[in-house]
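Work through the exercises below with the sequence and the coordinates at hand. Each task is followed by a solution in steps.

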Amino acid sequence: MKNNDIYNCLSIVNVKNKLGLQEIHSLGNIIYVRCPFCNSTNGAMKLNTLNNSYICKDCGESGYAIGLYAKNKYITNKEAYIRLIKDSCEVEDNIRTSIVINNKKSNEELDDVYRIFLNLLTLNDIHKNKLLKLGFTLEDTKRIGFKSIPTNENTKIAICKKIIKNGYELCGVPGFFQDQRLRWNFVSHSGIFIPVIDNCKIVSLRIHLDKMYSTDTSDIWFSSNNKYNGTKASNNIMILYPEKEKIHLIKDNRNVNNIIIVSEMLLAYKIHKQYRDKIVIRSTKCNF
Ligand SMILES: [Zn+2]
């Protein structure tokens, strides 16, 4: 099973089809359906195919795809997750809508840009020490590619210029945007970049913030959806396969004990390092 299949299985479109939610209409990345909680028939429930969330404006029920499936099947989120990835998925709508609204570059192109970008950055001593204290070795930090996020505006603009000079476009790469003078720049927060890998490619960057963000998380996406010429990061689920077993492990009859679910990317890398024979999945905003 490829990672894409897993994303499709866990997508809100697959959940909608599995639950047989009646589609009222759709617009861009939003599908309006009959709400399974209050049964309002006017399409009060909005499914967002970009971030896999749902909300009903009539009864206020909201959450994410896995939770929607779990609540309707009266099972736990973890059970829902396992059922969804075991079963075949039905997501033709998803493919259609994502072509229309998604101007994100392909994984190959994102990998090229993020690699050169990370190469231009360094890991400062404060972050290095922080990672060492968390149990990573210096070798780990290099192998995984942790980097400190620059926050000086001139430095950031100069880095973007270098990427462009090397022949890469920043349009369609989450995290990058153009400022009022149309210079390319990127979103920055004081913290550490963590590469998110899919099929050996860096497909997005996760930010581990130095300070907690809005009291409940220190982990956010490198995304520029609300900026000029910016791009939204997908809500990726990261799967770090055990080194020898690779991809087919997840296709077999899964043993729940072999799946460890963690909420933070740094933690995912850390646990992966300790349990090489197990699967670590990083899921966003799913309360397992
Ligand atoms: Zn409702």
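## Exercise 1: Confidence

Task: In this predicted model, find where pLDDT stays under 50 and how many contacts beyond four places in sequence the model has there.

Solution.
- Over residues 244-254 pLDDT stays under 50, and the model has 11 contacts beyond four places in sequence for this stretch.
- Residues 283-288 also stay under 50, and for them the model has 13 such contacts.
- For the chain, the mean pLDDT is 79, with 75% of the residues at 70 or more.
- Among the elements, helix H5 (residues 92-101) has the lowest confidence, a mean of 42, while strand S6 (residues 147-148) has the highest, at 97.

## Exercise 2: Helix H9

Task: Check the span of helix H9 (residues 153-165) against the expected value, and determine how its buried residues are arranged around the axis.

Solution.
- Step 1, span. H9 has 13 residues, so at 1.5 Å a residue it should span 18 Å. The expected span is 1.5 Å times one less than the number of residues. The end C-alpha atoms of H9 are 18 Å apart, which agrees.
- Step 2, burial. A residue counts as buried if 20 or more other C-beta atoms lie within 10 Å of its own. In H9 the buried residues are Lys156, Cys160 and Ile163.
- Step 3, direction. Viewed down the axis of H9, these buried residues fall within an arc of 60°, so they line one face of the helix.
- Step 4, the other side. Asn154, Ala158, Lys161 and Lys165 are exposed, on the face of H9 turned away from its buried side.
- Step 5, cover. Helix H6 (107-119), strand S7 (176-178) and strand S8 (184-186) are included in what covers the buried residues of H9.
- Step 6, what follows. Glycine 167 comes after H9 and has a positive phi, near 95°.

## Exercise 3: Strand S3

Task: Establish the pairing of strand S3 (residues 45-48) and sort its residues by face.

Solution.
- Step 1, partner S2. Strand S2 (residues 30-33) runs antiparallel to S3, joined to it by four bridges. Isoleucine 31 stands opposite leucine 47.
- Step 2, partner S4. Strand S4 (residues 53-56) pairs with S3 over four bridges, again in the antiparallel sense. Here tyrosine 54 is the bridge partner of leucine 47.
- Step 3, turn. Four residues lie between S3 and S4 in their hairpin, and asparagine 52 in the turn has a positive phi of about 60°.
- Step 4, faces. Met45 and Leu47 make up the covered face of S3, and Lys46 and Asn48 the uncovered one.

Technical notes. Residues numbered from 1 in each chain as written. Predicted model: local features only at pLDDT ≥ 70, side-chain atom pairs only at ≥ 80, totals over all residues. Helix = DSSP H or I, 4+ residues; strand = E, 2+ residues; numbered from the N terminus. Buried ≥ 20, exposed ≤ 12 C-beta atoms within 10 Å, placed from the backbone. Arc of directions from axis to C-beta. Contact = placed C-beta atoms within 7 Å. pLDDT = per-residue confidence, 0-100. Pairing = 2+ DSSP bridges.
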